[in-house]
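Me: I would like a close look at a single part of this protein. Please keep the sentences short.
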Amino acid sequence: MDAESLLLSLELASGSGQGLSPDRRALLLTSLMLVKRDYRYDRVLFWGRILGIVADYYIAQGLNHDQLAPRKTLYSLNCTEWSLLPPATEEMETQTSVVKGRFMGDPSHEYEHTEVQKVNEGEKVFEEEVVVQIKEETRLISIIDQIDKAVAVIPRGALFKTPFGPTHVNRTFEGLSLSEAKKLGSYFHFREAVDLKNKTLLEKANLDPSLDFMDSLEHDVPKGSWSIQMERGNALVVLRSLLWPGLTFYHAPNSKNYGYIYVGTGEKNLDLPFML
C-alpha cells in the first residue's frame with residue numbers, strides 16, 4: 001500500500017484484522033515520508049508486518065521510476081529507524097528453506113541446522129555432521145522475496161508499459177468496473193512475467209501489450225489458492241491468499257484506491273493442495 005495514502009489504505013484493509021495502533025500509524029506515516037526523501041525513491045510502499053516471538057518486523061519497499069525494477073526493501077522494529085536489506089539470491093532461498101517455525105524478531109539471531117556432508121579420505125568416504133549457522137536477517141530477506149514473487153498483486157491497468165521498456169504508474173487509471181473487479185483475471189502479479197513468455201501467439205492475440213504484460217492470477221497453481229470477496233455492500237473487493245495466509249489485497253471499484261498488505265508469521269501453507 002502506498003505510504004502517501006497509508007491511513008485510508010489501512011482502513012480499507014482493516015476488515016481482515018490487519019490493523020495498527022494509532023501511535024504506530026502516526027510513526028509510520030512520518031518515518032516513511034522521511035525514507036522516501038532520504039533514499040530518493042519515486043514511491044514508498046508499506047509492505048506489511050512479519051510477526052515475531054520477541055518483536056515484529058515492519059517492512060517497507062522503495063520503488064524508482066521503473067515500477068517493475070527490483071524493489072529496495074527496508075525493515076524496522078520500532079517504525080522509526082529503517083535498515084536497508086540486500087537483494088535476495090537463490091543461494092539465500094536454498095539456505096533458509098531448512099528453517100521452519102516462527103521468526104524470533106531479532107535480526108542477529110542465528111538458527112542452527114545440522115547437515116550431513118560426505119568427506120573423502122583417500123579411497124574411503126565418511127559422512128560427517130556439520131552445524132550450519134543461518135542468520136534471521138537472511139531468512140527475512142528470502143521470505144519477503146518469496147511472498148513478493150508469489151502473491152504481490154496489482155489490478156489490470158494500474159501500470160502501463162512504454163514501447164521503450166520502462167513500466168510507469170498509469171495516471172489515467174480510474175479503477176476496475178464492478179463486474180471486472182469480481183473476476184480473478186483482472187488482477188496481475190506485481191513482478192516481471194514468467195508464464196506469459198510461454199504462451200503461444202494465438203493466446204497472446206487478444207492481449208494489449210501496454211497493459212497485459214504481467215501474469216494473471218487466474219492461472220495460479222494450485223487452482224483455488226485465492227479467495228475473492230465483496231465487502232461493504234460491493235464498495236470494496238478483497239483478495240486473500242490461501243498459499244501465504246496473511247496477504248490481503250483490496251480495491252475499491254471505480255476508484256484509484258488499491259493495495260496489498262501482509263501481516264503474518266512468514267510461513268507458507270504447504271498443505272494447501274490437500275485442503276482444496
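Me: Is strand β14 (residues 258–264) largely enclosed by the rest of the structure or exposed, and why?

Reply: A word on the source comes before the strand. This is a predicted model, in which local features need pLDDT of at least 70, side-chain atom pairs count only at pLDDT 80 or more, and totals for chains, interfaces and linings use all residues. Residues are numbered from 1 along each chain as its sequence is written, and side-chain values use heavy atoms, with hydrogens and water left out.

Strand β14 is largely enclosed, because seven of its seven residues are buried. Buried means under 20% relative accessible area, with a 1.4 Å probe and protein chains only. Strands are DSSP runs of E, at least two residues long, numbered from the N terminus.

Now the two faces. In a regular strand the side chains alternate between the two faces of the sheet. Here Tyr-258, Tyr-260, Tyr-262 and Gly-264 point one way. Gly-259, Ile-261 and Val-263 point the other way.

Next, the neighbours. Two strands pair if DSSP finds at least two bridges between them. Strand β1 (residues 43–50) pairs with β14 in the parallel sense, over three bridges. Arg-49 stands opposite Val-263 there. Strand β13 (residues 247–251) runs antiparallel to β14, joined by five bridges. His-251 stands opposite Tyr-258. Six residues lie between the strands of the β13 and β14 hairpin, where Asn-254 takes a positive phi near 60 degrees.

Last, a contact. Tyr-260 is one of the residues that Phe-190 touches. Contact means heavy atoms within 4.5 Å.

Terms used
Buried < 20%, exposed > 50% of the residue type's maximum accessible area, 1.4 Å probe, protein only. Helix = DSSP H or I, 4+ residues; strand = E, 2+ residues; numbered from the N terminus. Lists of a residue's contacts leave out its neighbours within four places in sequence.
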